[in-house]
Amino acid sequence: MKTNASLRSRAADHLVQAVLIFASVFFAFWLNDYRQDLSEKRATQAAIQAVANEIKTNKAVLKRWAPYHKEMANLIGKDLEEGNVAIIGFDPDLYIGERGIFKEILTYDSWDFIRQTNIRLDVDMRIAINRIFRQQEIVERAIQSAVEFLWSRESLDPALAEQNLTIFYALVSDLYHQEQAMIYNYVKMLELLEGQ
């Protein structure tokens, strides 16, 4: 009888130890998952905040430059309408002066942050963020087109003054309208991000 009781006692002891080992291993896995989940949630919130901050900064840049580009387009349009091109030729300095076309940069550093694997965003949010930065590239190309045109040989040809002013007017007008569309979409994206 003693051996039976002793075996039962040992079996109960082993069972308790097995349950404790299983519980501690299960708890360790749960704790690890919890920490990882918490870390991913923090990284996701940091990424969303980084995107929001960058969009706010880029929106402020465009809000500073868009009125200037509108004014520039209006001046060029007025000179084209009044036929002043024959008198003044094509002199970009009359419209851009020392300020240039665009002397700030639009950034997209947070876009790289979003593409990390530990950032948990649903597909729709990832697509929306991707779309906003892709649209920003269109604005950057509009800026680049205007600048490149000013550096082209054709822009220096006095015989092409009216054509050059017409092309420059189209480029600056396009830039202004791209900026306006981008500002609008920045506002919409910020609203979407605030809901996260």
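How many salt bridges does the count come to in this structure? The count comes to 6 salt bridges. Keep in mind that this is a predicted model, so everything below is computed from predicted coordinates.

**Three of the pairs, side by side**

| Pair | N to O distance | Relative accessible areas |
|---|---|---|
| Lys41 and Asp37 | 3.4 Å | Lys41 47%, Asp37 24% |
| Arg64 and Glu104 | 2.6 Å | Arg64 44%, Glu104 29% |
| Lys188 and Glu191 | 3.8 Å | Lys188 38%, Glu191 45% |

**Along helix 1**

Let's start with Lys41 and Asp37, whose side chains meet in a salt bridge at 3.4 Å, N to O. Both sit in helix 1, which covers residues 2–82, and because they are 4 residues apart there, about one helical turn separates them. Neither end is hidden away: Lys41 is partly exposed at 47% relative accessible area, and Asp37 is partly exposed too, at 24%.

**From helix 1 to a loop**

Next up is Arg64, which pairs with Glu104 in a salt bridge whose closest N and O atoms are 2.6 Å apart. Arg64 belongs to helix 1, while Glu104 is in the loop between helix 2 (85–88) and helix 3 (109–114), so this contact ties together parts that are 40 residues apart in sequence. As for exposure, Arg64 is partly exposed, with a relative accessible area of 44%, and Glu104 is partly exposed with 29%.

**Inside helix 5**

What about Lys188? Its salt-bridge partner is Glu191, with 3.8 Å between the closest N and O atoms. These two residues are 3 apart in helix 5 (residues 161–194), which means about one helical turn lies between them. Lys188 is partly exposed at 38%, and Glu191 is partly exposed at 45%.

**A shared network**

Some of the salt bridges also share partners, and in that way Asp37, Glu40, Lys41 and Arg120 are joined into one network. The Lys41 and Asp37 pair from helix 1 is therefore part of a wider set that also takes in Glu40 and Arg120.

**A nonpolar patch**

Charges aside, which residues make the nonpolar surface patch of about 620 Å²? The patch is built from Phe22, Phe26, Phe27, Trp30 and Tyr34. One of them, Phe22, has its place in helix 1. Phe22 is exposed, with a relative accessible area of 60%; it counts as exposed because that value is over 50%.

Methods
Residues are numbered from 1 along each chain as its sequence is written. This is a predicted model: local features need pLDDT of at least 70, side-chain atom pairs count only at pLDDT 80 or more; totals for chains, interfaces and linings use all residues. Side-chain values use heavy atoms; hydrogens and water are left out. A salt bridge is a side-chain nitrogen of Lys or Arg within 4 Å of a carboxyl oxygen of Asp or Glu. Buried means under 20% relative accessible area, exposed over 50%, partly exposed in between (1.4 Å probe, protein chains only). Patches are made of residues with over 30% relative accessible area and no salt bridge: like charges are joined within 9 Å, nonpolar side chains (Val, Leu, Ile, Met, Phe, Trp, Tyr) within 5 Å. Accessible areas come from the Shrake-Rupley method with a 1.4 Å probe; for residues, only the protein chains shown count as cover.
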